[in-house]
Amino acid sequence: MLINLFLFNIFIFVSSVSIIGYGLFVNKIIFNNEITNIGEIGITGFFYIFFLSIILHFFTELNLLINSIVLILGIFSFFIFYKKFAYQINKFRTYLIFLALLFLVSSITLRTYADYEWYHLPYVNYLNNFKIIFGLVNLSNNYTYGHGWLDILGLFYLPIIETRGLTHLPVVFYFFFIVFFLIEYLKSNKLAIKFFSLSVIFFVLIIFNRIKDFGADIQPTFTLLILLFYILKSFTSHEVNYVNKILYYFFYSCILRIGSVIFLPLVFCYLLINYQNILSKRFLINFKLYMFLSLFFIIFLTKNIFTTGCFFYPIPFTCIYDDKIIWSSPKENVEERYEFLSSISKRWKFYSIEEGNLDTKYDYYEPMIENKILSPKEFNLKKFLWFKYFFKDGDTSRIVNTFIITLLPFIITLIFKEKNTKIPTNNYFKLKSYFIIIGVIFSSIAWIFMSPQMRYGGYAIIGGGTILLFSFYVNKFLFNKKILNTIFISALFLSLFYFSYKNLSYSIDDFVNKRFDTFPWPNFSKKIENYDYITKNKGGLELNLVIRSTGMNQSGPRMCGDIKMLCLPSDRLVCIDEIKIVNDYIFISNTNSQCLLQFQKNYWQH
């Protein structure tokens, strides 16, 4: 156990140093040292690692040697550039050490998050053992949805540790995020900035309180919250142009998850009222940033085309189909997948269970072909039918909780404002804030009609948008600094206590009852050949076919877990028509019409 504890701490520390190192490198080379917050440096380090992961994977698998070199280069970069932030680290060291210890201890968990063994770990195993595969989508849809966080994880498959530390990396991202807003609060003398920073910290620590549930959802949410912060900051710092930061974080969040595009109306409104800054010389100074983002975008789209035949899978109009690209997913398969994903975000699961009188969501197929329930496409065509089932989801309580948690700091702050100290607001400021309010409203509408689930942008637009509007309002008043700091410290420790309690209570119980296999690493299910999966050779490649579902529900998804890639559910083999290997690159084609039927029978598998 002591050795594992040592390795665990070394992994977290060394990975964090390397991530910061890459953030410092990008800040110097691309951002012209615009980033002045060490928390933001860490978040930017993840962004550059994402870029490295994609571009390297075109040419090589992300094996132990490649990943070790990348890690070491990040550490070298840290020692080359860290002096610029040494003062800031020293100034806030008490906060940083306290938060680091709290997050480190809280990150110890027995369980992996829900999707980890389903397709996150298999995707990382693919990155670590194969160069980019043309037509990867024909192996599994789940491997190609463009969850950018999984590409980041691929570079943290390291010697000795291997993949055991991957579920802890979201905690590192979370730590940098909290540090960012903590430093912004402590550095700023602007009431709106302090209120926004305080409210966001309180909000995320209460809402995102269980580390064992952290997968690929929190990262785009957090980057969108930072985007909102810079919109607010541009209102309070007229001498600084934040257009670059707004565009950077919008791009960052969209490539982490395309659903972040719901923020486009808000970003458009912001750019509209800041058109003069777009035309300014300072905008052109950041030419290197825009060239880098353009290059990143081209590489990102190229990767998607190679793996799926689509620029953004499974959005049909972005696809080049198999009549032109042999590895592309067939048109009918893409459309079927798109309709299903759209329908489940609009509560098709609850509709099918209720209207079909189903025992579980997996029993939909027979009622669907017997026309007892609508198919996903038919359900989507009933434009407003889904509103009837909207509040049957757990998102109802999440929306209510979001409003309550964002409202609490606002009410407390207003209670302690100084009496009769309302500051007059000029008409130009009012006009600009109205445009932002319109942007928040239209982004909220986009979320409702495109992907109305809280984890798909809902927390950012509802929670973050509400905090932004509250920040505009409290900026009209004067406050006693001592009282405001007391509110901040109280809210910080209350939320940190709740956060740590929610995590440590589970971990301590699991530790005391000796449920950990290798403390402090999480447990993983073990797959047995010829029992959980069988092996088949096709086109010169070894395919591992999962034949049993994990857990009690044998109707559930068949998860590859830590099975060696290439791995897929046995029924999915019908979607692989031919495998060719050309110059060490694998091409997987799918021309079998039976694949569509397999899709329809196994919506929840893919």
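Is Cys-269 buried or exposed? In this predicted model, Cys-269 comes out at 9% relative accessibility, so it counts as buried, the cut-off being under 20%. Cys-269 takes part in no disulfide, and the nearest cysteine sulfur, that of Cys-254, sits 16 Å away. Looking from the other end, the sulfur of Cys-254 has Cys-269 as its closest cysteine neighbour, and 16 Å is too far for a bond. With a sulfur pair needing to be within 2.5 Å to count, the gap rules this one out. Cys-254 is buried as well, at 13% relative accessibility.

Other cysteines do pair up, and the count comes to 3 disulfides. Taken in sequence order along the chain, the bonded cysteines follow the pattern 1-2, 3-4, 5-6. A disulfide, for its part, is a covalent bond between two cysteine sulfurs.

Cys-310 and Cys-319 make one of these links, with an S to S distance of 1.9 Å. The torsion about their S-S bond is about 100 degrees, so this disulfide is right-handed. Both ends, Cys-310 and Cys-319, are buried.

Then there is the bond between Cys-560 and Cys-567, where S to S is 2.0 Å. Here the torsion is about -95 degrees, which means a left-handed disulfide. Solvent hardly comes into it: Cys-560 is buried with a relative accessible area of 1%, and Cys-567 is buried at 0%.

Cys-575 and Cys-595 are also bonded, their sulfur atoms 2.0 Å apart. At 95 degrees about the S-S bond, this link is right-handed. The pair ties together distant parts of the chain: Cys-575 lies in the loop between β3 and β4 (578-582), while Cys-595 belongs to helix α24 (residues 594-601), 20 residues apart. Both cysteines are buried.

Now for the strands. β1, β2 and β3 form an open sheet of 3 strands, in the order β1-β2-β3 and with mixed pairing. The edges are taken by β1 (533-538) and β3 (567-569); each has a single partner strand, so one side of each is left without a neighbour in the sheet. From one strand to the next, the twist averages 35 degrees. As a rule, sheet strands pair through backbone hydrogen bonds, either parallel or antiparallel. β1 and β2 (residues 541-546) run antiparallel and are joined by 6 bridges. Among the bridged residues is Lys-536, whose partner in β2 is Leu-543.

How values were computed: Residues are numbered from 1 along each chain as its sequence is written. This is a predicted model: local features need pLDDT of at least 70, side-chain atom pairs count only at pLDDT 80 or more; totals for chains, interfaces and linings use all residues. Side-chain values use heavy atoms; hydrogens and water are left out. Two strands pair if DSSP finds at least two bridges between them. Helices (H or I, at least four residues) and strands (E, at least two) are DSSP runs, numbered from the N terminus. Axes are lines fitted to C-alpha atoms, for helices over the stretch in contact, and angles run from 0 to 180 degrees between N-to-C directions. Buried means under 20% relative accessible area, exposed over 50%, partly exposed in between (1.4 Å probe, protein chains only).
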